[in-house]
Each structure stands twice: as structure tokens, then as C-alpha cells.
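The following exercises concern a protein and its ligand. Please study the sequence and the structure before working through the solutions.

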Amino acid sequence: MEFAEFAERAGTIEELSADTDIIEAVTDLLASANDDLEVLARFVQGRMFPAWDSTTLDIGPNLCYAAIARAAGQNVSANDVEDRLAEMGDIGAVASSYEFGGQQGLAAFGAGRAELTVAEVADELEALAHTEGPGSQDTKIDILFGLFNRTSSQEALYLARLVLSEMRIGVGEGTVRDAITGAFDVPVETVERALQVSNDYGRVARVARDEGESGLDELQLEVGRPVQAMLAQAGTVTDALEDWNRAGIEWKFDGARVQIHYDEDDVSIFSRNMEEVTDALPEIVEYTEENLDVSAIIDGEVVAMNDGEPLPFQEVLRRFRRKHDVARAREEVAVELRAFDCLHADGDDLLTAPLTERHDRLQSILSGGVSALTVTDDTDDIADIEANALDAGHEGIMLKNPDSTYSPGRRGKNWLKRKPDVETLDLVVTGAEWGEGRRASFLGTFLLSARDENGEFETLGKVATGITDEALAELTELLEPYISTQSGQVVDISPNVVFEVGYEEIQQSPTYSAGYALRFPRFLGVRDDKSPDDADSLERVIRLAKSQ
Ligand code: AMP
């Protein structure tokens, strides 16, 4: 396809506003792409390379201004281009505002010759991306100048935007996915899966056209090519237990995400944005080589540890960016791996295996450095894990659906990062239960109440969570003098002691006399400074419940 045709189609797409019209236009572009299909599936998104490929054009804006200035003629400088950009706000509009084509020079031999094709633009930009070493900046300007010098105004517009990876024609990944589906008559789920494993729109488009659904089904993960990371959304323990009946709980490590690929010879490490960071993290490379024997793709977090405490994640990110003096950086801030998922192991793709199976597999192939995953429906256990994570200086906990598959790039409901509590409540202890077994001599579960407008204490929950054995002994000593009546293990306590409690939600509930119940309540401390009169009123509790 001639580049002029691509530019014209891009111009048409830019004018459209309805999603369906844009999808139709991209479908048409892909259907008529012939040999240029792979390139066009990327160009239309303003991409030169597949998403898994960390090669970049590495063209800063200044280099682009210089090439445009040279193609625009002797009287135009890079500064003039920049000034015009400040006025117009779009590099495409700036490029198309000049008249190109009159300039001679080494790279201008093509001027006035045959029309520029899409394939030529792709080849030239590929050559540009691989230009390295001394003088490479000049070579890059030469190549770009050679291209601009052959463009019409509309071609210049989209070439400039392509070069700076900002196409701005309203075509996103979803548009191209739907266009591949429509152009080659393959199911959207099949295209989606193929995109997830290959991370390559061009290749998926070609396979869809040439080999159809069965060809797409055969695409697999490839060790060495990063896939998009699965993402989490904010959520609560209450949500997790309601939706899944039990949850997989892990520490939420305070570090930076990595995806590690090992093909039994080489290790490559990618950041959350799929940039390669292997050279910056030699200790993770060594760790992987020493502790992993089979080919694998592992998902995890890299943390910086200092005397057993994690350093702020910015320190880890600084290590990721470090290109020089890595050995020194390593001495200053050492990093460690906390692996939590496994996408591929020893020839098996695991994306569709349940979380628990993937985690078991991870433990079986990697000795050490694997997160502890606890599957439980017990809120006490969950609170304990959270308290330990916070004590260890990490961010809190992740709640994961134990049955869920790995969905690359998705911020779905299967991974939840527990929201920190917003407000705490100061509530009065009006009852308790004696513990069992080892804890039989301690009060264990505490009934919490708030005072209504008539001065009556109404119950709204029990707290048994977040209390250490040591604290139980102290609380028993504190509360025992106020026990008023006892029946079996259950005691009534006259209102004297105020607890500060955290919770996730307040729900209407017939279980307690207040008509409301705290979800996932946790003991935070005794408010020695407050008497029952200073504790929170039922009115405030109800106000909080309504404002959620
Ligand atoms: P956020 O960046 O706040 O959206 O939280 C999600 C991020 O938490 C992930 O992208 C990981 O980098 C990080 N993380 C830390 N520990 C875990 C874990 N156990 N499982 C999944 N993600 C984790």
C-alpha cells in the first residue's frame, strides 16, 4: 500500500466519532492490507514494533524537529519548528504546514521518484531503530529527513505522529481487536486470547487472515516475550468472601513488578510496562539461575531490603532505571524477589489454570522467594496476615480468587488490593465470651455497642480479631471487674471500657440490636482516654453507614 493511501485512511478515521464507524474503517484497512497487514495493524495504533518488543525508535522530539526543519528548507531551523509546535500543539499539524520535497542531499535521492510505500516507511524506521554508536544521531536525522522529504502534506502529518508514537486518530487496542475479528471472520474471544499470549497485533492479524481460528488457537506464550501483567482493583475482605466464599491471601509487597523469563539458558526480566530491565537487576538474574531449573515465566515483585525491612519502592524503581555502575548500585540497594505467580512452566502454558494450581507449580519449580498464599474463609486469619504484612513494613494484603485464571492486562475482580480502613470507631464493650482451649482463661470475643439518643447501648458487632495473646491477658484483667452477669461462656459487661475498632463496612443487619453490623471489625486499641460518654454515638454510626 502506498503511504499516501494509509495517510488518507488515517485522515478519514480521525474525522469519525462513533466507535462503530471507526471499527468499520479499520476493518476495511486491514482487509485491504495485503502484504502490509502486520505493519498496518501496528501503524494504525501509532506503533512501530510489537508490544512485546522493547525496541524503540528512540527519537527525541528535538531530532524530529531537526529532520522536519531540514526537509522544510534552508530558512527553517529546528527552533522554528519548535515555535510552530508551541503555537499549533500538534507535531503532525506542524509537519504538514511545511512544503517538503525540494531539498537535495545524500538521503534525498528519492525525492521526486516513486511514491513512498508503507513497507518502505516501515523498513526505514526499522533501520533507524537499529542505528547505534557514534554518529547515530546524524544518521537518524538523515533517515527521517529522507522520509519527510518525500511526503505530501497529509503524509507528513501522519509520519510525524507515527515517529513520535502519538497517532491521535482514536484507534486503541480494542478497536484493532474488533477490526481483526470483523475483517477475518474469527471469534473475538479467540482473537483476545491470541493477543494475550503473543502481545503482537500484527502477528495476530496475519494469523487470523492466513490460518483462521485454528491458527490463532495454536499461538502460545513464548519464553522471552513479555505478556501484560494481570492487575488488581481495590476491594474488601467482605467483597472477597461474599463472591468466592474463601480467598487466597498474600502480602502486598512494597516493591516493583517484574516478569521473569527463563529458557534454561538465559534470564530476561521485564518491568510492569514490559520494558527490559535484565541488566539493571543482576542479583535477580543470579537468583533465578540458581533456583530455577526449568523454562518458566514468573510474575512477582522485586523488593529492596535493608535489615529485614523493605525500603520505599522508589528505591527499587531507581535500581530499574540504572544503566551504569550497576555493581555500585547493587551494593547501595540490594533487591530480592518475591514471586507470586507462574504463567508458564517447563513447556506448559498455565494462563487458564486456577490460581492455586499456578501457585503450587511455582513452589515446585522455584526454591525460595515465593509468596505464601493462604486460602481461607476465616477473617481472624486474614486480619493476622494483614497485621504481619504491615508489621514487616509491607503495604497490606492482596485478596485473590483461588479459582481464577491469569488474565493479562486486566484490572479485574479476581485480584483485590484491600482498601485501608477509612474511619475508625470508638465503641463501648458491653459483653464478651470466654475463650476456648489455650485461651480458656481469657475473654476472647468482645461485644461492641454505641449509645442511642435515649442513652441506651445498642449492639452492632463483635470483635475477636487483631488481638495478640498478650493483649488478651491485659484486656481480661481490664474488663473482668465489670462483668455483671454470666451464662456459660457468655458474659455481660457494664459499659466502662472503650475500644477503637477498624472495619470495612457498616451494613444493615437484624443480628444486632442497633439494626446495623460492622463488617470485618478489628481491634486497634483501648481508648484509655475516653469514657463511654465520649464514645461514638449510634447516630454517627448510622451517618457513616449511609455515607458509604
Ligand atoms: P497497585 O499498584 O496499587 O495497583 O497494586 C497492584 C500491584 O501490587 C501489582 O501490580 C504488584 O506490583 C504489587 N503486588 C505486591 N504484592 C503482590 C502480590 N502478592 N500479588 C499481586 N501483586 C502484588
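**Exercise 1.** By class, how many nonpolar, polar and charged residues does the shell around the ligand have?

*Solution.* The model is predicted, so local features need pLDDT of at least 70, side-chain atom pairs count only at pLDDT 80 or more, and totals for chains, interfaces and linings use all residues. Residues are numbered from 1 along each chain as its sequence is written, and side-chain values use heavy atoms, with hydrogens and water left out.

Step 1. The ligand has 13 residues around it, where near means a heavy atom within 4 Å.

Step 2. Sorted by class, five are nonpolar, none is polar and eight are charged. Ala, Val, Leu, Ile, Met, Phe, Trp, Tyr, Cys and Pro count as nonpolar, Asp, Glu, Lys and Arg as charged, and the others, Gly among them, as polar.

**Exercise 2.** Identify the residues that come nearest to the ligand, and describe the polar contacts.

*Solution.* Step 1. Glu250, Arg257, Glu301, Lys400 and Lys417 come nearest.

Step 2. A polar contact pairs N or O atoms within 3.5 Å. A polar side-chain atom of Glu301 lies 2.5 Å from a ligand oxygen atom. For Arg272, the distance from a polar side-chain atom to an oxygen atom of the ligand is 3.5 Å. A polar side-chain atom of Lys400 lies 2.8 Å from a ligand nitrogen atom.

Terms used
A polar contact is a pair of N or O atoms within 3.5 Å; within protein, one must be able to donate a hydrogen and the other to accept it, and residues adjacent in sequence count only if both atoms are side-chain atoms.
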